[in-house]
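Welcome! Take a moment to look over the sequence and turn the 3D view around before reading on. The notes below walk through the picture one topic at a time.

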There are 2 protein chains.
Amino acid sequence: MNTSSEPCPAQKLLKILSGKWKPQIFKMATHKPVRFNQLLRDLEGANKQTLATALREMVEEDILIKETVQEKPLHIEYTLSEKGKSLIGVFVTLEKLSEGDA
Amino acid sequence: MNTSSEPCPAQKLLKILSGKWKPQIFKMATHKPVRFNQLLRDLEGANKQTLATALREMVEEDILIKETVQEKPLHIEYTLSEKGKSLIGVFVTLEKLSEGDA
DNA sequence: TCAATTAGTCAAAAAAACATGACTACCATG
DNA sequence: CATGGTAGTCATGTTTTTTTGACTAATTGA
């Protein structure tokens, strides 16, 4: 009905992807499952709270899937969901466009 | 060298696209050039300051181009730049993925 | 010349995002 | 049973974003 003032459907997703650390988390998750403390160590300057929120929101948006791994040290892993995987192309496009800036 | 903690190149662009009203402005600009007061009227709840900032930042990022139209009422138009046009696909993808949520 | 429309700016307040440090709880090793 | 690693939560404080309302300034039409 109203194509202008109704919140763009892409907005929520955009917000989820643009929060602090989220692009990095996403990118790391495209390589291999990510883990909380590992992120805390790898992402210098990141803090627990923000990472926890970022991971929770990305799980809520079904970009990441949270699962407990029943192995040796018993831990939690976050892996890219199918929806998450279909966002890889978006990142590729965005990164290509960023290169052009110099 | 460091693929993990260095800020993702897509992040800046993502931030630009995800600010308040920006997705809507972008979308409206894909249909026809947008204007300040027109946005203020169409986007219910939007305020001058935020719109002005959004437009300025989108121009700075070369997503929109600002130009004065030397016509009848003499006004300013914001049109999609080439870079902006190449982002349309990103929005299409994002919207498709949002539909799936229901 | 008065009033409206154009496109904003500015200072300040409110709201949202992010950071800090303390704390919890579970499991494993020595 | 103390130490360290796992994965967080909670209260608080700072910083960034967004909102509010007043104000500016040029152009247009009656």
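## Helix 6 and its surroundings

Helix 6 of chain A, residues 88–99, is a good place to begin: its 12 residues reach 17 Å from the first C-alpha to the last, close to the 16 Å expected at 1.5 Å a residue. Please keep in mind that this is a predicted model. From helix 6 we will move to the relation between the chains, then to the layout of chain A and some of its other elements.

**The two sides of helix 6 in chain A**

- Six names are worth finding here: A:V90, A:F91, A:L94, A:E95, A:L97 and A:S98 are buried in helix 6 of chain A.
- These residues cover an arc of only 160 degrees around the axis, so they sit on the same side of helix 6 of chain A.
- Turned away from that buried side is a face with the exposed residues A:K96 and A:E99.
- What do the buried residues of helix 6 of chain A pack against? Within chain A, they pack against helix 1 (9–18) and helix 2 (22–31). From chain B, the partners are helix 1 (10–18), helix 5 (82–85) and helix 6 (88–99).

**The matching helix in chain B**

- Helix 6 of chain B also has 12 residues, and it reaches 17 Å between its first and last C-alpha, close to the expected 16 Å.
- Its buried residues are B:V90, B:F91, B:L94, B:E95, B:L97 and B:S98.
- Seen down the axis of helix 6 of chain B, these residues fall within an arc of 160 degrees, so they line one face of the helix.
- The face turned away from the buried side carries B:K96 and B:E99, which are exposed.
- The cover over the buried residues of helix 6 of chain B includes helix 1, helix 5 (82–85) and helix 6 of chain A, along with helix 1 and helix 2 (22–31) of chain B.

**How the two chains are related**

- A turn of 179 degrees, with a shift of 0.0 Å along the axis, lays chain A on chain B with an RMSD of 0.1 Å.
- That is the relation of a two-fold axis.
- The same surface serves both copies, as 100% of the contact residues of chain A recur in chain B.
- Which residue of chain A comes closest to the rotation axis? It is A:V90, with its C-alpha at 2.8 Å, and A:V90 is also one of the buried residues of helix 6 of chain A.

**A serine pair between the chains**

- B:S18 belongs to helix 1 of chain B, and it is buried, with a relative accessible area of 8%.
- Its side chain makes a polar contact with the side chain of A:S18, at 2.8 Å.
- Not counting residues up to four places away in sequence, B:S18 touches A:L14, A:K15 and A:S18.

**The layout of chain A**

- Chain A has six helices and two strands, and from the N terminus on these run α-α-α-α-β-β-α-α.
- The C-alpha trace of chain A spans about 55 × 40 × 25 Å along its principal axes.
- Of the 102 residues in chain A, 45% are buried.

**Helix 4 and helix 3 of chain A**

- Helix 4 (residues 48–60) has 13 residues and reaches 18 Å from first C-alpha to last, close to the 18 Å expected.
- A:L51, A:A54, A:L55 and A:M58 are the buried residues of helix 4. They fall within an arc of 95 degrees seen down the helix axis, so they line one face.
- On the other side of helix 4, A:K48, A:Q49 and A:E60 are exposed.
- Helix 1, helix 2, helix 3, strand 1 and strand 2 of chain A are among what covers the buried residues of helix 4.
- After helix 4 comes A:D62, which has a positive phi near 60 degrees.
- A:L40, in helix 3 (residues 36–42), is partly exposed, with a relative accessible area of 22%. Beyond its neighbours within four places in sequence, A:L40 contacts A:A46, A:N47, A:K48 and A:L51.

**The hairpin of chain A**

- Strand 1 (residues 64–69) and strand 2 (residues 75–80) run antiparallel and are joined by six bridges.
- A:E67 stands opposite A:E77 in strand 2.
- Five residues lie between the strands of this hairpin, where A:L74 takes a positive phi near 50 degrees.

Definitions and conventions: Residues are numbered from 1 along each chain as its sequence is written. Chains are lettered from A and ligands numbered from 1 in the order in which they are written. This is a predicted model: local features need pLDDT of at least 70, side-chain atom pairs count only at pLDDT 80 or more; totals for chains, interfaces and linings use all residues. Side-chain values use heavy atoms; hydrogens and water are left out. Two strands pair if DSSP finds at least two bridges between them. Helices (H or I, at least four residues) and strands (E, at least two) are DSSP runs, numbered from the N terminus. Copies are superposed by least squares on the C-alpha atoms of residues with pLDDT of at least 70 in both. Contact means heavy atoms within 4.5 Å. The expected span of a helix is 1.5 Å times one less than its number of residues. Buried means under 20% relative accessible area, exposed over 50%, partly exposed in between (1.4 Å probe, protein chains only). The arc is that of the directions from the helix axis to the C-beta atoms. A polar contact is a pair of N or O atoms within 3.5 Å; within protein, one must be able to donate a hydrogen and the other to accept it, and residues adjacent in sequence count only if both atoms are side-chain atoms.
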